[in-house]
Amino acid sequence: MRTAIVTGGGSGIGLAIAEKFVLSGIRTVIIGRDEQKLSAAKELLGDMCITIVADLNDLNKLPEVVTNITNTIGNIDILVNNAGINMKKEFTEVTDEDFQKIILTNVTAVFALSREVVKHMLQNNIKGSIINISSMASQYGIPKVIAYTASKSAIEGMTRAMATELSPKGIRVNCIAPGFIATAMSAKALNNDPERKAKALGRTPMGYLGEPADIGEAALFLAGEGAKYITGTVLPVDGGNSIGF
Ligand code: NAD
C-alpha cells in the first residue's frame, strides 16, 4: 500500500486531495495546525487517514515529524506540499514581517519538509512523487498579492530544480497550478471584492470556480504510475483561466 503526506489536509484543496487518495487506496497522513479540523477530516475519511497536528512554520520540528511517520507508519511514497497562506494587501502596505511570514509557510517550510522526505525516500530507494501547489499568481500578474506571488513563483522554480536533481534518483517532482477554486482562501480573497471576482471569472473560459476535487483528481494522476514519465511540469487546473482573454 502506498503512503502519502498531504500538508494542510484538514480543509479545502488539501482535504479533497486526501479524500481522493484515501478512496484510491492510498494511506494518507494529513498534517495541519487545527486539531478540530483534522479530527473532522479523520471522521470523514476513516482509518486510511492519519492526522498529525503540527505547525509547518516550526522548521526545526519537521525532521521529527517525518521520522515519527516513518517509524510508526512506514515508507512515504508521496508528498503533497499543499499548505499555504495568502495575503491581499496594497503593495506599499506590506511589511517586511508580512512578507517573511508568507515566504516562511509557502516556500521555506515546503523546502524543509521536502528535504526530510527526500532523505527518507533516497535512503529507502523509494520511487517517490512530490507534488507542489502553486497558483495563477505565478502564471500572470495579480495586484495586491506581492508576497504570495513571490512565494508561488519560487515554488515553480523549486519544482524544476528539484525535478532535475531528484528525477535521476527515482523521485518525480511536479506542480499543480490551481485556478480559482471554491475554498475558504478564495472566498476571503473574492467574496467581499465583486470586481475581483468578476475579473477572475471573466477570464476563465469555463466561467465558474473550480472544485477542490478537481485538484484532487490531478494530484492522484501525478502521484501515480500513469504519470511515470512526467516530471518538472506545472499543470494548470484552472478552467482555462491562465490562457483566458
Ligand atoms: P485553505 O486555507 O482552505 O487551506 C490551507 C490549509 O493549509 C489549511 O488547512 C491551513 O490550516 C493549512 N496551513 C496553513 N499554514 C499552515 C502551517 N503553518 N502549518 C500547517 N498547516 C498550515 O486554502 P486552499 O484554498 O485549500 O489552499 C490550498 C493550497 O492551494 C494553498 O497552497 C493555496 O495557495 C493553493 N491555491 C488555492 C487556490 C484557490 O483558489 N483556493 C488557488 C491557487 C492556489
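**Salt bridges and the ligand site**

Tutor: There are 6 salt bridges in the structure. The model is predicted, with local features needing pLDDT of at least 70 and side-chain atom pairs pLDDT 80 or more, while totals for chains, interfaces and linings use all residues. Residues are numbered from 1 along each chain as its sequence is written, and side-chain values use heavy atoms, without hydrogens and water.

Student: Why is the pair of lysine 20 and glutamate 217 called a salt bridge?

Tutor: The term requires a side-chain nitrogen of Lys or Arg within 4 Å of a carboxyl oxygen of Asp or Glu. Lysine 20 and glutamate 217 are at 3.0 Å, N to O, so the pair meets the definition.

Student: What does the pair of lysine 20 and glutamate 217 tie together?

Tutor: Lysine 20 is in helix α1 and glutamate 217 in helix α8 (residues 212-223), so the pair links parts 197 residues apart in sequence. Helices are DSSP runs of H or I, at least four residues, numbered from the N terminus.

Student: What makes the approach of aspartate 55 to the ligand a polar contact?

Tutor: A polar contact is a pair of N or O atoms within 3.5 Å. A side-chain N or O atom of aspartate 55 is 2.9 Å from a ligand nitrogen, so the pair qualifies. Isoleucine 13 places a polar backbone atom 2.8 Å from a ligand oxygen, and leucine 56 has a backbone N or O atom 3.0 Å from a ligand nitrogen.

Student: Which elements give two or more residues to the shell around the ligand?

Tutor: They are α1 (12-23), α5 (146-166) and α6 (184-190).

How values were computed. Polar contact = N/O pair within 3.5 Å; in protein donor to acceptor, adjacent residues only side chain to side chain.
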